[in-house]
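Biologist: I'm new to this one. Could you walk me through it and tell me how the labels are earned?

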Amino acid sequence: MKYTIRIATKSDMSQVLELIQELAEFEKEADAVVITKEDLERDGFSEHPLFKCFVAEKKGQIDGIALCYPRYSTWKGRTLHLEDLVVRQNKRGLGLGSALFKEVIKYGAEQGVRRIEWVVLNWNETAVEFYKKNGAQVLSDWDTVQMDENGIKKFIDKNS
C-alpha cells in the first residue's frame with residue numbers, strides 16, 4: 001500500500017477528528033473529546049495556527065495523523081510537543097506510525113527545536129517500546145499534571 005505523508009489541510013479536519021475520537025476510544029476516554037471539526041479548522045488554519053498536523057493518506061482516505069505544536073522550555077528554549085500520533089486500528093503494522101513519527105522529528109529539526117516531547121500511557125507497551133526503539137527516553141520520574149475546565153473555573157471562583 002502506497003501512502004502519502006503530507007501536511008493536513010482544512011478539508012482534512014473531519015477525518016482528523018475521526019482519528020482523534022478513535023484514539024480516545026482506545027485510551028478508554030471516548031466521552032472526553034469535546035473538540036469539533038470547526039475548532040480544528042479555526043485553530044489550525046487561522047492567521048496564527050496553533051498546531052501542525054501531518055496525515056497518512058491514500059486515495060482521499062486518511063488512516064493516520066500526527067498533530068504537534070510549538071512549546072517553550074525555560075531550560076531548552078524552543079521545543080515541539082507531539083500531542084497525538086494515531087493510526088486507524090485496522091491499518092496498524094503498515095509503517096504509517098513510523099512514517100508520521102519520522103515526519104514530526106524532521107519538522108522539529110527544521111524548526112530548530114532543542115527537544116521534542118510527548119506523553120504516552122504506561123499501559124500502552126507497544127507505543128512505549130516503539131518510542132524507546134526510536135531513541136526516545138521514557139521518563140518515569142515526572143507525572144503529567146492537568147487542570148480541566150471545571151478545575152479552572154473552581155480555581156478562579158475560589159481565588160477571585
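Modeller: Let's take the sheet, then some salt bridges, then a surface patch. Mind that this is a predicted model: local features need pLDDT of at least 70, side-chain atom pairs count only at pLDDT 80 or more, and totals for chains, interfaces and linings use all residues. Residues are numbered from 1 along each chain as its sequence is written, and side-chain values use heavy atoms, with hydrogens and water left out.

Biologist: What makes strand 1 (4-7) and strand 5 (115-117) the edge strands?

Modeller: Strands here are DSSP runs of E, at least two residues long, numbered from the N terminus; helices are runs of H or I, at least four residues long. Two strands pair if DSSP finds at least two bridges between them. Five strands form an open, mixed sheet in the order 1-2-3-4-5, and strands 1 and 5 each pair on one side only.

Biologist: How do you know that strand 2 (residues 52-58) pairs with strand 3 (residues 61-73)?

Modeller: Seven bridges join those two antiparallel strands, and the rule asks for at least two. Ala56, for instance, stands opposite Gly64 in strand 3.

Biologist: Why is the contact between Arg6 and Asp12 called a salt bridge?

Modeller: The term needs a side-chain nitrogen of Lys or Arg within 4 Å of a carboxyl oxygen of Asp or Glu. In this pair the closest N and O atoms are 2.7 Å apart, so it fits the rule. Arg6 also meets Glu57 in a salt bridge, at 3.6 Å from N to O. That second pair links distant parts of the chain, with Arg6 in strand 1 and Glu57 in strand 2, 51 residues apart. By this rule the count comes to twelve salt bridges.

Biologist: Why is Asp12 called buried, and what is Arg6 called?

Modeller: Buried means under 20% relative accessible area, exposed means over 50%, and partly exposed is in between (1.4 Å probe, protein chains only). Asp12 has 6%, so it is buried. Glu57 is buried too, at 14%. Arg6, at 24%, counts as partly exposed.

Biologist: How do you know that Lys153 and Asp157 are about one helical turn apart?

Modeller: They are four residues apart in helix 5, which means about one turn. They form a salt bridge as well, with the closest N and O atoms at 2.8 Å.

Biologist: What makes the nonpolar surface patch?

Modeller: Met147, Ile152, Phe155 and Ile156 make it, with about 390 Å². Patch residues need over 30% relative accessible area and no salt bridge; nonpolar side chains (Val, Leu, Ile, Met, Phe, Trp, Tyr) are joined within 5 Å, like charges within 9 Å. Ile156 has 45%, so it passes the area cut-off.

Methods: Accessible areas come from the Shrake-Rupley method with a 1.4 Å probe; for residues, only the protein chains shown count as cover.
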